[in-house]
Amino acid sequence: MSGQTFPADFSGHMLDLDEDDDLEVFSKNTSLADSSPMPNSPSSMVNQYRPEEEEEEEEQLQQQQGANDKDIFITVDNPESHVTAIETFIMYRVETKTTRGEYDSSEYEVLRRYQDFVWLRSKLEETHPTLIVHPLPEKFVMKGMVERFNNDFIETRRKALHRFLNKISEHPILSYSQHFKVFLTAQELLSHKKQGPGFLSRMGETVRAVANSVRGLRSRPEEFSLMQEYVEDFSNKIYSVDKVTQRIIKEQREYLDELKQYSPTYAQWAESEEELAEPLNGVASCVERCSKESDEQIHHMSEVLVPALHEYVLCTETLKAVMRRRDNIQAEFEAKNVALASRRADQESLQDEVDGLADRVELANNALRGDWSRWQNGMRSDLKSAFLSTAEKNVDYYEQCLAVWESFLLSQRVEPGEQRDGEDEPLPTHPIID
Amino acid sequence: MADCGSNEEVAVIFNTDITSTESENNLINTMVEIGATLLRKMEINVTEAEKRTGKNTVNMQETYTVYLIETRSAETVPEGGTPTTPDTLWRRYSEFELLRTYLLVTYPYIIIPPLPEKRAEFVWHKMSADNLDPDFVERRRVGLENFLLRVASHPVLSNDKIFFLFLTEEKEWREVVLETGFQDKVDSRLKSLSAMFRVKNPDKRFTALKHYSDELNSVISQLLRVRAKVADRLYGVYKVHGNYGRVFSEWSAIEKEMGDGLQSAGHHMDTFAASIDDILEEEEHYADQLKEYLFYAEAVRSVCRKHELIQYELEMVAQDLVSKKQQKEELATGTVRVFSLKGMTSKLFGQESQEQRESRLAALEQSTREGEETLKERNTECQEFVRTAWEDIGRFKEQKDRDLREALISYAIMQISMCKKGIQVWSNAKECFNKM
């Protein structure tokens with residue numbers, strides 16, 4: 001079983017890696033993993049307490065059951081405009097329902113703005129530099145966007161924020177982050193934002209990271225080089241797929257615009273005809289119905305495939321950043337190691353530092369390794385489902401249009417002037433005329 | 001084959017060179033009238049097209065296309081016998097035009113079937129507007145055959161000698177046509193089409209018909225314009241999906257589990273992108289059917305105009321007669337009611353003698369009698385025109401309703417076929433995505 005040792009490894013290592021405020025969570029996590037598995041369903045708190053021999057089996061089952069075991073449910077909705085003296089912004093309602101022990105209540109409702117999500121994500125990345133944290137929707141959309149509070153833009157953003165939180169909640173590590181809990185539960189986030197490493201210390205870290213990356217790596221392990229290559233290639237491919245998809249939608253919209261001219265022209269013609277009026281109006285009505293179907297199909301693609309692809313385009317930036325951070329951690333260690341080899345004085349303390357950094361490298365690598373396969377499965381599953389849905393909708397579109405034209409043919413089989421029975425009979429699957 | 005519920009005989013149109021859609025089209029478009037039309041005795045096909053170069057009338061080298069007309073007796077071949085070899089001759093488009101002009105002039109009361117367009121119009125970007133382009137030549141070949149079949153199945157036109165010679169006499173035909181002297185009548189025809197004259201008592205039926213022909217022209221033009229734009233856009237949609245094919249293929253190379261599913265889905269996207277070419281080619285066919293009636297609208301209009309001219313000339317003759325009669329009356333009674341130069345000059349320069357008056361009276365009598373004769377002739381001519389024209393118009397209306405209804409049905413069939421292809425491709429793609 002591939003997933004078997006995964007949570008155990010993680011929890012053990014995470015304990016060392018994380019900062020103090022996360023420690024509590026992880027100690028709880030370990031205890032849970034060791035003694036009692038996650039609850040199977042929100043309602044069965046009883047499941048938290050299981051005899052030890054069944055623990056392993058339970059863990060395996062959980063890996064397989066996946067989403068069915070969700071013990072936390074988050075929704076983002078109800079975007080509302082808030083006006084202050086200084087600015088106007090949108091607040092989203094974040095509703096959480098959970099059975100997890102570490103949450104004092106089972107239901108929470110808070111208001112959050114985009115900046116708050118940004119804060120959460122940067123905290124998560126800070127705490128887990130080599131985990132792949134799902135991306136947020138972009139701050140601005142370059143093309144065609146004039147009005148920041150355009151309804152479509154807000155709705156697209158809301159959906160993406162919803163997905164973001166759910167992705168985090170599904171992550172075996174990030175889901176138990178203290179920052180995450182605070183985000184979901186604290187009525188007022190501002191005080192929490194002020195805690196943690198200050199701006200200056202963050203700056204210091206960044207400078208160090210940059211300095212290290214300039215020095216360069218001595219040697220990157222093969223597996224991470226391969227990963228890097230994949231990230232480069234994937235990034236190109238997914239960007240291309242996204243572009244092609246956008247182009248298809250654009251072409252389809254232009255097609256639909258022209259198609260909409262058809263129906264009124266046929267109808268106009270029908271007005272000057274006698275015998276021909278009926279079939280002409282029939283065709284006019286068919287074209288109009290097909291236009292509606294086309295509209296729906298375009299809408300579906302925009303709602304399902306485009307956001308999914310777009311998210312993974314944004315993911316590539318995350319992946320690149322994760323690879324960079326991993327490289328930096330390794331570079332820092334190597335630098336100190338070199339320093340250790342050269343300096344004679346304070347060998348002991350340097351040795352300690354080097355050992356600490358070596359551990360850090362190992363933890364970072366393990367974290368990434370573990371999260372990498374998780375991310376790949378997630379990507380495959382998300383994109384597969386988006387493509388499947390699109391293909392299904394396309395089949396549906398053609399089937400609807402087929403029915404429309406077949407019913408027209410059916411109406412033409414009857415001699416003009418006779419009464420028709422309407423849609424009483426089921427439509428044949430093949431046209432009567434060959 | 002769609003059965004329109006008509007009992008009319010269908011001509012055997014024997015041709016293996018054309019596609020099934022085209023033969024369908026011919027069958028649809030050429031329902032033979034009952035009666036002794038040429039088509040019952042003779043099979044007519046336009047089977048080939050060839051490029052020729054030669055010197056034209058101003059002695060310059062030009063390249064043009066000629067079309068092979070095959071004719072064969074329509075007698076049934078006995079069992080085991082071989083079909084007789086057809087008689088053939090070559091004609092170029094300008095000769096068809098000459099034939100049509102002749103028919104237009106000789107049968108002004110008939111709605112003369114139109115020729116396929118001289119230049120490609122209502123093109124969408126993929127189509128060539130070049131007259132020498134093989135696709136254009138091919139569609140013109142079909143259109144020319146259609147024209148011949150229409151004429152050959154017309155109760156009046158099919159009996160025309162010149163038409164028969166067009167089909168049978170390659171070299172001498174041109175001289176024979178010109179010898180008929182129809183060209184003289186061309187001028188008056190042109191006059192009828194372009195002149196602005198007002199008819200005092202317009203025939204309401206013809207006015208309505210002219211109005212209808214204008215409507216038909218306008219609405220079919222609009223339809224063809226929209227169709228061209230829609231075709232253009234649809235082409236774009238399908239072809240862009242081809243990019244999916246390429247990108248999926250490249251992407252599949254870097255994936256493990258997803259690779260196969262992506263790759264095969266990509267192939268289906270390529271298939272989808274390629275399918276638009278056939279779809280739009282079939283639709284060209286539908287556009288050609290519409291175009292035929294676009295040009296028919298023009299033919300209807302010209303019959304209406306011709307009637308207007310006849311009516312106008314009739315009114316002129318009648319008016320002239322009235323004026324002559326009045327002059328006669330005045331001369332006889334001595335009162336001047338109508339202005340005449342003679343009358344004026346006699347007033348100014350003195351009364352004319354009794355002799356002069358009587359000779360003028362006699363001349364007017366003669367003129368009046370002649371005028372009455374002319375009026376009677378013109379009246380008969382006009383009535384005959386109206387009668388024969390409305391017979392043909394009735395025939396045309398039935399043909400038009402039949403043909404266009406069939407065209408709409410075949411358009412629906414095309415759409416269905418396109419939908420079925422779409423269902424298949426996307427179902428296949430769905431299967432592949434499932435394997436990702």
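This is a short talk on the interface, cavities, salt bridges and two backbone oddities of a two-chain model.

Hi everyone, thanks for coming. Please keep in mind throughout that the model is predicted.

Let me start where the two chains meet. On the chain A side, 60 residues are in contact with 54 residues of chain B. Together the chains bury about 5700 Å², and 72% of that area sits on carbon and sulfur atoms. Which residues of chain A lose the most area to chain B? They are A:Tyr262, A:Trp269 and A:Tyr398, which together make up 13% of what that side buries.

There is charge at this interface too. Five salt bridges are found across it. One pairs B:Arg233 with A:Glu254, at 2.7 Å from N to O. B:Arg233 belongs to helix α8 of chain B and A:Glu254 to helix α9 of chain A, so this pair joins two chains. Both ends are partly exposed: B:Arg233 has a relative accessibility of 28%, and A:Glu254 has 23%. Another salt bridge links A:Glu392 and B:Lys430, with an N to O distance of 3.6 Å.

Now for the cavities. The structure has 13 of them with a volume of 30 Å³ or more. The largest comes to about 180 Å³. It is lined by 16 residues, and those closest to its centre are A:Tyr255, A:Leu259, B:Tyr411, B:Gln415 and B:Met418. Which elements give two or more residues to this lining? From chain A they are α9, α11 and α12, and from chain B they are α8 and α11. By class, the lining has 14 nonpolar residues, one polar and one charged.

The second largest cavity has a volume of about 140 Å³. Its lining counts 14 residues, and nearest the centre are A:Gln252, A:Gln297, A:Tyr397, A:Tyr398 and B:Val237. You may recall A:Tyr398 from the list of residues that lose the most area to chain B. Here α9, α11 and α12 of chain A and α8 and α11 of chain B each give two or more residues. The largest share, four residues, comes from α8 of chain B. This lining has nine nonpolar residues, five polar and no charged ones.

Back to salt bridges, this time inside chain B. Over all chains the count is 54. In helix α4 of chain B, B:Glu138 and B:Arg141 sit three residues apart, about one turn of the helix. Their closest N and O atoms are 2.9 Å apart. Is each partner buried or partly exposed? B:Glu138 is partly exposed at 32% relative accessible area, whereas B:Arg141 is buried at 3%.

Helix α8 of chain B holds a pair as well: B:Glu250 and B:Arg246, four residues apart, form a salt bridge at 3.7 Å from N to O. B:Glu250 is partly exposed at 34%, and so is B:Arg246 at 46%. There is also a network, in which salt bridges with shared partners join B:Glu117, B:Arg139, B:Arg227, B:Glu283, B:Glu284, B:Asp288 and B:Lys291.

Last, the backbone. A:Asn78 is not a glycine, yet its phi is positive, about 55 degrees. A:Asn78 is placed in strand β1 of chain A and is partly exposed, with 38% relative accessibility. In chain B, B:Asn59 also has a positive phi, near 60 degrees. B:Asn59 lies in the loop between β1 and β2 and is exposed, at 57% relative accessible area.

That's my tour, and I'm happy to take questions!

Definitions and conventions:
Residues are numbered from 1 along each chain as its sequence is written. Chains are lettered from A and ligands numbered from 1 in the order in which they are written. This is a predicted model: local features need pLDDT of at least 70, side-chain atom pairs count only at pLDDT 80 or more; totals for chains, interfaces and linings use all residues. Side-chain values use heavy atoms; hydrogens and water are left out. On a 1 Å grid over the protein atoms alone, a cavity is a set of points where a 1.4 Å probe fits but cannot get out, and a pocket is an open set with protein on both sides within 12 Å along at least five of seven lines; lining residues have an atom within 4 Å of a point. Grid points are joined across faces, edges and corners, and a volume is the space filled by probe spheres set on the points. Ala, Val, Leu, Ile, Met, Phe, Trp, Tyr, Cys and Pro count as nonpolar, Asp, Glu, Lys and Arg as charged, and the others, Gly among them, as polar. Buried means under 20% relative accessible area, exposed over 50%, partly exposed in between (1.4 Å probe, protein chains only). Contact means heavy atoms within 4.5 Å. Buried area is the accessible area (1.4 Å probe) that two parts lose on being put together, summed over both. A salt bridge is a side-chain nitrogen of Lys or Arg within 4 Å of a carboxyl oxygen of Asp or Glu.
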